[in-house]
Structure formats: C-alpha cells, structure tokens
Amino acid sequence: MSYLFLVMLGGRHARANTEVHDVVAVSGDCLEDTYPQLRQAWFAEQKGLHIDAWMKINSVESEGQFYQVSLSSTAPEVDAPKLFLINLGGYDAREFGELHRYLLVVAHDATQAKQRGKQYFDHNWQKPHTDRVLEVDDCIALEQVENRYIHLTLTTHQENEWQNTYLLLND
C-alpha cells in the first residue's frame, strides 16, 4: 500500500550561507521507498542532502472532520475536497529570525484553504504572514504525487506517524 509522505529536506546550496530547507510531498510503501523521489526533487547540492523531519499521512483533520488520505490511479470527482499544504510564517519577539509552521488543510479551493490555514497562526507571533501555499506553484491543491491521485474520504481519526530526525540521503 502506498502512502503520502511530507518530508522536510535540508542541505546546502552554492549561494547560501546557511543550510536551506524545502518541504516535499512524495509517496511510497515506506519512507525509504521515497528516497529517489526526494533526491530528484532537491534543487541544490546532492552532497549532504538529508531529511530533517518526515510525516506519513493517514488522515487530516479539517473543520472538525477527519479525512482519510489515500492514493489511487483514478482521479477524484471534480467537486471533491482537496488537500493543501500551507506554510505559515511569522515572528516572535523573543527569537531571531522567521518561524514557520507547516500544516495540511482540506478545502474546496485555494481561497478557502488560506482562510483555514490562517486559523493556525501562533498567538505569540508578531507580524504573521503567509509565505506560500505550496504545491506546484503558489496556491494549488496537492492533487497528484508520482502519478497517483490523492483521495480524501470522511473517516474517524487515524494518527499520523512523524519524526523530527536527521537521515542522510547522500554522502
């Protein structure tokens, strides 16, 4: 069975002073199955490429309802709800730099997804802003991963598996 994974990649870029990161959606039976997709998705140097965090998505809670996330070779109905990855950014007066929070929301369109995402701003943040609603461009639903369509089905809560870690992908 193939699962949807969200992975935070970290690594070096020739023009960056510090490590850079990106969040990528991939699919596989297990995390290790996604490594080739992750290497291909990385935009910078392969040497030192690593995983800083990963999450296997079983379900997503949105507006008090839970949706099972599954992958299929068939497209969902046109009016079916879609899955969006939201990258929220903001500042805390007690910390240097911009803080980020990544979350998944279920919505019918990008406008609704942004509205739902903004509910999750940390109350300690000052000047919160929405960086990007990520998928292909700015605000496009996560619809396909590795030629498989993402389907959302109402369900009961199913825990997602996740870990903050350091897993080296290349030497």
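**Largest pocket, open sheet and an exposed loop residue**

In this predicted model, the largest pocket has a volume of about 680 Å³. Its lining comprises 24 residues, of which Met55, Tyr102, Leu103, Leu104 and Trp162 are the closest to the pocket centre. Two or more lining residues are contributed by each of strand 1, strand 3, strand 4 (59–62), strand 7 (99–107) and strand 11. By residue class, the lining of the largest pocket consists of 16 nonpolar, five polar and three charged residues.

Strands 1, 3 and 11 also belong to an open sheet of four strands, arranged in the order 2-1-3-11 with antiparallel pairing. The edges are occupied by strand 2 (20–28) and strand 11 (161–168); each has a single partner strand, so one side of each is left without a neighbour in the sheet. On average, neighbouring strands of this sheet are turned by 20° against each other, direction ignored. Within the sheet, strand 1 (residues 3–11) is paired with strand 3 (residues 50–57) in the antiparallel sense over seven bridges. Phe5 has Lys56 of strand 3 as its bridge partner. In general, the strands of a sheet pair through backbone hydrogen bonds, in either a parallel or an antiparallel manner.

Val78 lies in the loop between strand 5 (65–72) and strand 6 (82–92). Its relative accessibility is 78%, and Val78 therefore counts as exposed, the cut-off being over 50%. Val78 and His108 are 30 residues apart along the chain, and their C-alpha atoms are separated by 9.9 Å.

Note on methods
Residues are numbered from 1 along each chain as its sequence is written. This is a predicted model: local features need pLDDT of at least 70, side-chain atom pairs count only at pLDDT 80 or more; totals for chains, interfaces and linings use all residues. Side-chain values use heavy atoms; hydrogens and water are left out. Two strands pair if DSSP finds at least two bridges between them. Axes are lines fitted to C-alpha atoms, for helices over the stretch in contact, and angles run from 0 to 180 degrees between N-to-C directions. On a 1 Å grid over the protein atoms alone, a cavity is a set of points where a 1.4 Å probe fits but cannot get out, and a pocket is an open set with protein on both sides within 12 Å along at least five of seven lines; lining residues have an atom within 4 Å of a point. Grid points are joined across faces, edges and corners, and a volume is the space filled by probe spheres set on the points. Ala, Val, Leu, Ile, Met, Phe, Trp, Tyr, Cys and Pro count as nonpolar, Asp, Glu, Lys and Arg as charged, and the others, Gly among them, as polar. Buried means under 20% relative accessible area, exposed over 50%, partly exposed in between (1.4 Å probe, protein chains only).
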